[in-house]
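Please look at the sequence and the structure together before reading on. The report below takes up helices and charged pairs in turn.

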Amino acid sequence: MPKPSKPALRVVSAEAEVYDLMRAPTTTAERVQRLQQEARALAVEQIESLETLLLQAAATAKEIAGGGDAYPVGAREIASRLAEDLPSRAGNLKMIVSRTA
């Protein structure tokens with residue numbers, strides 16, 4: 001069973017500011033920029049969630065691959081391949097996100 005994950009913490013750049021939701025943006029361009037930043041942040045969160053799910057799936061696949069005769073041979077073989085492949089895929093996602101963050 002996977003260990004409980006730690007809360008997702010992010011380092012925020014010094015230029016980051018808290019946005020006052022009660023204050024309207026001074027220009028449309030500023031509003032567009034703020035919305036784009038929010039969209040990028042949400043995209044990163046979703047990719048990080050996918051990374052976590054891939055690692056959980058890899059752990060489950062490893063259990064199935066090592067489960068012996070209780071599992072059909074074909075299922076064990078597929079699970080074995082997934083257990084090998086998924087962690088590297090999750091690592092690739094992590095690397096991509098770290099380059100863009």
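What follows describes a predicted model, beginning with a helix and then turning to its salt bridges.

## Helix α1

Helix α1 runs over residues 28-65, and because each residue adds 1.5 Å, its 38 residues should span 56 Å, which agrees with the 55 Å found between the C-alpha atoms at its ends.

The buried residues of this helix are Arg34, Val44, Glu51, Leu54, Ala58 and Ala61, and they pack against α2, which covers residues 73-100.

## Salt bridges within one helix

Side chains of opposite charge can pair when their charged atoms come close, and in this model the count comes to 4 salt bridges. One of them joins glutamate 38 to arginine 34, with the closest N and O atoms 2.8 Å apart; both residues lie in helix α1, 4 residues apart, or about one turn of the helix. Arginine 34 is buried because its relative accessible area is 16%, under the 20% cut-off, whereas glutamate 38, at 36%, counts as partly exposed.

Helix α2 holds a salt bridge between arginine 89 and aspartate 85, where the closest N and O atoms are 3.3 Å apart. These two residues are 4 residues apart, which means that about one helical turn separates them. Arginine 89 is partly exposed at 47% relative accessibility, and aspartate 85 is partly exposed at 30%.

## A salt bridge between helices

Glutamate 51 and lysine 94 meet through their side chains in a salt bridge, at 3.7 Å from N to O. Glutamate 51 lies in helix α1 and lysine 94 in helix α2, so this pair ties together parts that are 43 residues apart in sequence. Glutamate 51 is buried, with a relative accessible area of 12%.

Conventions: Residues numbered from 1 in each chain as written. Predicted model: local features only at pLDDT ≥ 70, side-chain atom pairs only at ≥ 80, totals over all residues. Heavy atoms only, no water. Expected span 1.5 Å × (residues − 1). Buried < 20%, exposed > 50% of the residue type's maximum accessible area, 1.4 Å probe, protein only. Contact = heavy atoms within 4.5 Å.
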